[in-house]
Structure formats: C-alpha cells, structure tokens
Amino acid sequence: MKRALCFLFTILFTLSALPLAPACAGPDSEKTARQAERELDENELYARSAVLMDAGSGRVLFAKNADTPLPMASTTKIMTCIVTLEHADLNETAEVSAYAAKMPEVKLHMAQGEHYRLKDLLYSLMLESHNDSAVVIAEHTAGSVEQFAQLMNEKAASIGCRDTYFITPNGLDASEDITKPDGTSVTKVHSATAADLAAILSYCITKSPKKEEFLKITRTSTHTFHNMEQAADGTYTQGARSFTCVNHNAFLHMMDGALTGKTGFTGNAGYCYTGALKSQGRTFVIALLACGWPNNKTYKWKDARKLFQYGISNYKQADITNYDYVPRPVPVENGAGKDRLLKTKIQLPLSISQTAQEMLLSEKDSVQVREEIPKVLQAPVKKGERIGSLNYYVNGELAAQMPLTAAREIKERSALWYLKLVVSRYFYPYLN
C-alpha cells in the first residue's frame, strides 16, 4: 500500500511540474510564435531571388540572391505605370498602332486605329496585365517603345537601381546589343534584381508625387470603360466597345494590410511577384523572382506570406537618431577672435540639424553613432555652414546622416585686426 501511494504521489508531482499550454493556442499562433523566434532560412523560399524591404527607409530586411539580375515579366508594368503617371495627361486619348495590336496574350484585343483614354489603359495594364495596352501607353507617352524604355531606365537610375535594364513596357522577354563608349558591344537583357524591384515599388508608394494615383489604380477591384470614337471636329465620344478589367492580384485578399502589388509570368522569368503590406504603421515591400513554373502558380503566395509574416513578427518602427549626443567643437585657425595671441585657435561649436529618422529594426539590430568632422578648419567660417555630419550605422552599414553646421560665424584675420594687434602690443602702454 505504501509503495502504491508513493508511486501515485510521484506521478502527481511530475505532472504538476510540466508547463501548461495556453488554452487558446492553436496551430497558427504556435507557427507565428516560432517564426518570431528565429531567422528565416532562404532555403524555405521557393523563389530563386527574394527581398523583404522596409519601404520607408529602403533598408533590406531579408535577402536571397537579392542582387542577381533575372527576367521580371509583368512586374515591369509597375515602372510603366509610374512613368506614365509622372509624364503624361491621363485624360488624353491614345491611338492603337499596328505594332501594339499585334502584341501576344495577355491582351485587351484592341484594333489598329482605335482610340482609348490613357487612364483606362492604365487600369487595363495593372489589373489585367494587358501587353497591348502597355505598348499603346508607351508609344503615346514617349513617341516610341524605345524612347519610353529610356524614360524607364532613367527613372530606375534616379531611384538608385544598379542592375536593372528595361527594354519593353510590358515585360515580355527581350534582349538587345548595346555599343559601349569604348566601341565594344554587349548584350543587355530585359531584367531586374529583387532588390531593385522592391526599391521601385517602394518609390511608387512612398516617394512618387503620383503615389496616391498609383495606389488607387492598383487597388481597384474592377474597372469598366469603352473605346473612344473621334468626331469630325476632332473631339472624342464614348465608343461601342465595352471592357471590364478585374484585378488579378489575389494577395490583396490573403493578408490583412495587403496594400498593392503586381504579378508576372513568362517562360524565362517564371512566376514573379512584388507587393506591399502595411501593418501598425510599418510598410513592408517584397519582391519574388523565378518563384516556380507551371504547375506551381501558388508558390509566390506562399513565399509572400512567409516574408510578410517574418517582417511583422520581427521588426518594429524606431527612431535611430534618438540619442543624446553633443558634438565636439572644431578648432579654427586664422580666426579673428578677441584673443590677440597669433597661435591661438578659436573653438567653433557645432549644431546638429536633427530630424527623426525612423526605420524598422529588430531586437538583433545594433545602432552606432559616429561623427565625421575635420580636425581643424581655416577661417573664415559662416554661421550655418556645413562642417561635417553625424553618421548613424545599423549593423555597420550607413543608414542616416545628420548635418553638423557652424553654430556661429568666425571671421578671418584682416589687416585691421593685425593693426589692432600691433597697437595693443607696442603702443598701448604708452597711451596709458
């Protein structure tokens, strides 16, 4: 009996020491918790190239072959859309050329000589990904596809893209031979990197003067329009053909906060996707290239969910400039101060032109602050003149700079200053 009671008490004690699982915890919450506790392994993603970016700062939070140029299919149309919004009047009417009418599927099936409002064609471009609409837009906006591609590449360069090259406005696979300044020839392929593609979408939704128009178009569920008929007096009226475009960005309904995005597919590119999601004031952008081929159309949605969930679980908004820092003064030589000693250097106090610089940080990120100022300056120095900078680094990479400026003016030693020096040294005793 005693042995049985001892055995029973041992069992009860062991069970009482075990941790109890929360009653409400289910498979999804446990999966989210595990995701928050570890780093995302790039091998978990189907995409050959992937990026998770902080849209506000442009900082890459996760990367897999992020700087490898790959064909990007119809994600190209993000750039086509923003270039058109920034360069053209959407109320203008565009004529369909023979070249545009011959574009392959997916297409609106416009006929040569027909007319359409540019605004309607942008919905056709971004909701249904019509290839013929892209060419009509490009030809009307810039005069030709080639000239429009030049605008696309110029915009990419201004955004900071380093390894992206546009040839077509619709993302169909293409290549061309370019003659370099030294006379040699190189073959360029219509391609982008995941990092550049994410930067382009980040620009579209945070910095472009047309960001609201871009979001309105890309978030629209359906858009119905007609072709335009030209009257004898040159004016346009609604035509007989009617079209309804449906948004094919299924991810808009897959996660709370899904903001915008664009899909793409060609035989060379595979399935591609770039999209944005907003959560608690944070805006994340992802880019996925070569994310499966038929019959793996859903791989991009699985990768998108993993990347966004990783960002939501691990990154919080923080002001990296929120540090109490007093910059050291800089000695100024040849300054006209009150001290009459020629070897004396005037100490110039510096001011920090500090504004909040917010970015997404994880618990593993570290912020360092370093000043970059000269050891000595030469007079004259103007008040407000930039002297150096306060540099903020995240994990050793430069993330923000704050200008350090002169807090006051220091004049150069003039002839009058030297005259006063001579008078004070040699004649002042006799004048008293």
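## Basis of the model

Helices here are DSSP runs of H or I with at least four residues, and strands are runs of E with at least two, both numbered from the N terminus. One place to apply these names is N295, which sits in the loop between β11 and α10 (299-314). The model is predicted.

## The loop after β11

Two unusual backbone features fall in the loop between β11 and α10. The peptide bond from P294 to N295 is cis, with omega near 10°. N295 belongs to this loop. A290 is also placed between β11 and α10. A290 has a positive phi of about 55°, yet is not a glycine. Most residues other than glycine have a negative phi, and most peptide bonds are trans.

Is A290 buried or exposed? A290 is buried, at a relative accessible area of 5%. C291 is buried too, with a relative accessibility of 0%.

## Strands β9, β10 and β11

Strand β10 covers residues 270-279. Nine of its ten residues are buried, so β10 is largely enclosed by the rest of the structure. It pairs with β9 and with β11. Strands of a sheet pair through backbone hydrogen bonds, either parallel or antiparallel.

Strand β9 (residues 258-266) runs antiparallel to β10, and eight bridges link the two. A hairpin of three residues connects β9 to β10. T266 stands opposite G270 of β10. On to the next pairing: β10 and strand β11 (residues 282-289) are also antiparallel, joined by seven bridges. Here G275 stands opposite I286 in β11. The hairpin between β10 and β11 has two residues, and Q280 in its turn takes a positive phi of about 50°.

## The four-stranded open sheet

What is the strand order of the open sheet of four strands? The order is β15-β20-β19-β17, with antiparallel pairing. The edges are held by β15 (350-352) and β17 (367-372). Each edge strand has a single partner, so one side of each is left without a neighbour in the sheet. Neighbouring strands of this sheet are turned by 30° against each other on average, direction ignored.

The edge strand β17 pairs with strand β19 (residues 386-394) in the antiparallel sense, over six bridges. E372 has S389 of β19 as its bridge partner.

## Helix α5 and the residue after it

How many of the eleven residues of helix α5 are buried? Ten are buried, so this helix (residues 118-128) is largely enclosed by the rest of the structure. Nonpolar residues among the buried ones include L118, L121, L122, L125, M126 and L127. The buried list also holds D120, Y123, S124 and E128. Just after α5, S129 takes a positive phi of about 65°.

## Other backbone exceptions

A cis peptide bond joins E105 and V106, with omega at about 10°. V106 lies in the loop between α4 (98-101) and β4 (115-117).

N65 is not a glycine, but has a positive phi of about 50°. It lies in the loop between β2 (60-64) and α3 (77-87). N65 counts as partly exposed because its relative accessibility is 43%, and partly exposed runs from 20% to 50%.

## Cysteines

A disulfide needs two cysteine sulfur atoms within 2.5 Å. By this rule the model has zero disulfides. Why is C161 not bonded to C204? The closest cysteine sulfur to that of C161 is in C204, 9.9 Å away, which is too far for a bond. C291 is in no disulfide either; its nearest cysteine sulfur, that of C272, is 8.3 Å away.

Both C161 and C291 have low accessibility values under the 20% cut-off for buried. C161 counts as buried at 13% relative accessibility. C291 counts as buried at 0%.

## A nonpolar surface patch

L416, L419 and V423 form a nonpolar patch on the surface. Together these three residues have about 260 Å² of accessible area. V423 lies in helix α11 (residues 415-431). V423 counts as partly exposed because its relative accessibility is 32%.

Technical notes: Residues numbered from 1 in each chain as written. Predicted model: local features only at pLDDT ≥ 70, side-chain atom pairs only at ≥ 80, totals over all residues. Heavy atoms only, no water. Buried < 20%, exposed > 50% of the residue type's maximum accessible area, 1.4 Å probe, protein only. Patch = residues over 30% accessible without salt bridge, like charges linked within 9 Å, V, L, I, M, F, W, Y side chains within 5 Å. Areas by Shrake-Rupley, 256 points an atom, 1.4 Å probe, with all protein chains shown as cover. Salt bridge = Lys/Arg side-chain N within 4 Å of Asp/Glu carboxyl O. Pairing = 2+ DSSP bridges. Axes fitted to C-alpha atoms, helices over the stretch in contact; angles between N-to-C directions.
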